[in-house]
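Here is a short report on one protein chain. The structure comes before the text.

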Amino acid sequence: MIPFVLATIVLVLTIAFLFKELYRPANYPPGPRWLPIVGNTPLIRKMVSQNGGQLINVFDKLSESYRSSVIGLKLGRERVVVGLAYEDVKAVLGNEEFQGRPDNFFIRLRTMGTRLGITCTDGAFWSEQRSFVTRHLRQVGYGRQAMHLQIQSELNELLDILGSRSEEPIWPGSLLAVSVINVLWTFVTGARVAREDDRLERLLRLLQDRSKAFDMSGGTLNQLPWLRFVAPEWSGYNLLVRFNKQLSEFFTPTIEEHHRNFSDERATDDLIYAYIKEMRDRSNSEPDSSTNFTDLQMTMIILDIFIAGGQTTSSTLDLAFMMMIVRPDVQRLVHAEIDHQLAPDQEPHYEDRGKLPYVEAFLLEVQRFFSIAPVNGPRRALKDCTLGGYRVPKDTTVLMGLRNVHMDPEHWGDPEVFRPERFLDADRNIVNTERVMAFGLGKRRCLGENLARSCLFTFFVGVMKRFCLCKPRGNDDDDDDEMAPSMTLKPGITLSPKPYNVVFQPRGQNMPQDDTFESFLCARAVRISISTSRQRHRVAPESGSVRAISHRAIDRIRSGWNLINVTVKESSRSAKQVPTPSSRLTAIGETNQATVSIAIDCVMLCN
């Protein structure tokens, strides 16, 4: 009798367990069925390996299969909802109910077994700590002239290094991370890190390895944390342990030195001194109460700043320089604008961006086109809510597909084409930026956005003002060159460019400009309409000389539409005359399906 009762109890418990594991909430977003304990993890990992190692590619496949921009999954024992459409992403970034952060194994392991710092916390704790860090970073010069001067100082060191290695093939990515990190490090610790410091080099390599080993969902280790006991190396557990150990070794001496040298007068020197002062003030005023301001929390804040600033900005700069050799026509336009707008001996400053709209548009296009953080997140639903009409239960992890927003053909028209002009209107003003979400939106908008934008602009303009970027001699055949630029990025938490070689050739002080790019600076603009018997398309305004832009547009459209027998003519006056605002250029081409008429209207003329 007893065995029968025990067997019945086991059976009932097993059925209850399976029901709980397999239960799909009512009106939960569509998605594949999941298994007990492991959920959809085996399926997702298999699909990731089949789709270029990128989680966003898997989400795109599932979105297509289930005909929904919102996908419902279960990874391990954690419910995960993914929003891919612009409206979904905007709702998650902006609505209060999605402002939480998950409390899972990967998040805690990232912050040395705690739930501290700023990036991975939420609620009143997050609000208090972020407010303090933002306020005191500004006190030591963050976002002000002191920050821009520090960026220019790092730029000058970078230019000296590039100048000493001119005509020598270099991978820019090997130099950029230290320059960016040193700007942040100065505000946090009051001192920069020498490039020769072996600890920094090891830490940067470990940071790259960490990024490659995981994705925004935390990877297999987060979904099946027991794997750390079975396969600690394969699962990435040992990598994170080594990463945490080296971070502690790197940060601890600096924090201890600040404690030894602390005085009230130094509280405004850097963030660590400010944090120590807050710790001591709270300890003195309320000695018996617990406080959120501790050495461990300070270490986690520094870790957040280090991780955030260590890769994304330098990777974006790396891609910007790569595009200079992939698209030499864009490089010539960048050089032309810089030469025309900045004096030969003028150091670039972030305030110069208003003078250099094409450069600003180019950097926006780099961020849009490559989307190095294709999956943004993760967020946690603070209460039962809805997304895209589907139910999202409380404590569900929510991920967002930023790449889908950046590559939406309904909004961008030709998202697969790298075209900086999409961000310029007829008067060369920056427009159409609301869907470039590289820094997020809402309360959790990137804390380092100001620094990142300033670094991107100042470093890029400073390098391009001094150098011309060229492919190494003898490496014209990219297919046979391992160090040739690749438009395919390395997968990971954030994407990064594959190493490539480029030669930084010094430019003369007075560079000759050909007529095409002189005319670009006259800010003429065109509106291009493409008509066929089947459909009509409008291409966003571009800037350039009327004759140059017409041929560039036709070349692009010729490849996109497989045109043959393209002809160009000016309908209102002879080609020898200067175009006026009423001028109209047309190109007629034939495809195997329809006749294409390209109407190019000159809408502004610079005398």
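## A buried strand residue and its surroundings

At 3% relative accessibility, Leu 469 counts as buried, because buried means under 20%. The model is a predicted one. Leu 469 sits in strand S7. Beyond its neighbours within four places in sequence, Leu 469 is in contact with Phe 321, Met 324, Ile 325, Gln 331, Met 464, Val 502, Val 503 and Phe 504. Gln 505 is 36 residues from Leu 469 in sequence, and the two C-alpha atoms are 6.3 Å apart in space.

**Helix H7**

Strand S7 also helps to cover the buried residues of H7. Other elements in that cover include helix H8 (173-189), helix H19 (449-466) and strand S8 (503-506). Which residues of H7 are buried? They are Met 147, His 148, Gln 150, Ile 151, Gln 152, Glu 154, Leu 155, Leu 158, Leu 159, Ile 161 and Leu 162. Polar residues such as His 148 and Glu 154 are thus listed with Leu 155 and Ile 161.

Helix H7 covers residues 145-164, 20 residues in all. At 1.5 Å a residue it should span 28 Å. Its end C-alpha atoms are 29 Å apart, so the span agrees with the expected value.

**Two residues with positive phi**

The loop between H7 and H8 holds Glu 167. Phi of Glu 167 is positive, near 70°, in a residue other than glycine. Ile 37 also has a positive phi near 70° and is not glycine. Its loop lies between helix H1 (2-22) and helix H2 (41-50). Both residues are tabulated here.

| Residue | Loop | Phi | Relative accessible area | State |
|---|---|---|---|---|
| Ile 37 | H1 to H2 | near 70° | 40% | partly exposed |
| Glu 167 | H7 to H8 | near 70° | 44% | partly exposed |

**The nonpolar cores**

The largest nonpolar core has 103 residues. Phe 306, Phe 362, Phe 370 and Phe 460 touch the most other members. Helix H14 (residues 295-326) gives the largest share of this core, 16 residues. What does Phe 306 contact, leaving aside neighbours within four places in sequence? The list is Ile 181, Trp 185, Leu 200, Leu 203, Leu 207, Leu 247, Phe 250 and Phe 251. A second, separate core has 18 residues, among them Trp 34, Val 89, Val 92 and Val 398.

**Packing of H16 on H19**

Two packed helices are described by the angle between their axes and the distance between the axes. For helix H16 (residues 357-370) and H19, the angle is about 115° and the axes are 11 Å apart. The crossing of H16 and H19 is right-handed. On the H16 side, Val 359, Glu 360, Phe 362, Leu 363 and Gln 367 take part. They meet Leu 456, Phe 457, Phe 460 and Val 461 of H19. Phe 362 and Phe 460 are also among the core residues that touch the most other members.

**The chain as a whole**

The protein chain has 21 helices and 13 strands. Of its 607 residues, 53% are buried. Among contacts between residues at least 6 apart in sequence, 70% join residues at least 24 apart. The accessible surface comes to about 27,300 Å², and 51% of that belongs to carbon and sulfur atoms.

Methods: Residues are numbered from 1 along each chain as its sequence is written. This is a predicted model: local features need pLDDT of at least 70, side-chain atom pairs count only at pLDDT 80 or more; totals for chains, interfaces and linings use all residues. Side-chain values use heavy atoms; hydrogens and water are left out. Helices (H or I, at least four residues) and strands (E, at least two) are DSSP runs, numbered from the N terminus. The expected span of a helix is 1.5 Å times one less than its number of residues. Buried means under 20% relative accessible area, exposed over 50%, partly exposed in between (1.4 Å probe, protein chains only). Contact means heavy atoms within 4.5 Å. Accessible areas come from the Shrake-Rupley method with a 1.4 Å probe; for residues, only the protein chains shown count as cover. A nonpolar core is a set of buried Ala, Val, Leu, Ile, Met, Phe, Trp, Tyr and Cys residues joined through side-chain atoms within 4.5 Å. Axes are lines fitted to C-alpha atoms, for helices over the stretch in contact, and angles run from 0 to 180 degrees between N-to-C directions. A crossing is left-handed if the near helix is turned anticlockwise from the far one by less than a right angle, and right-handed if clockwise.
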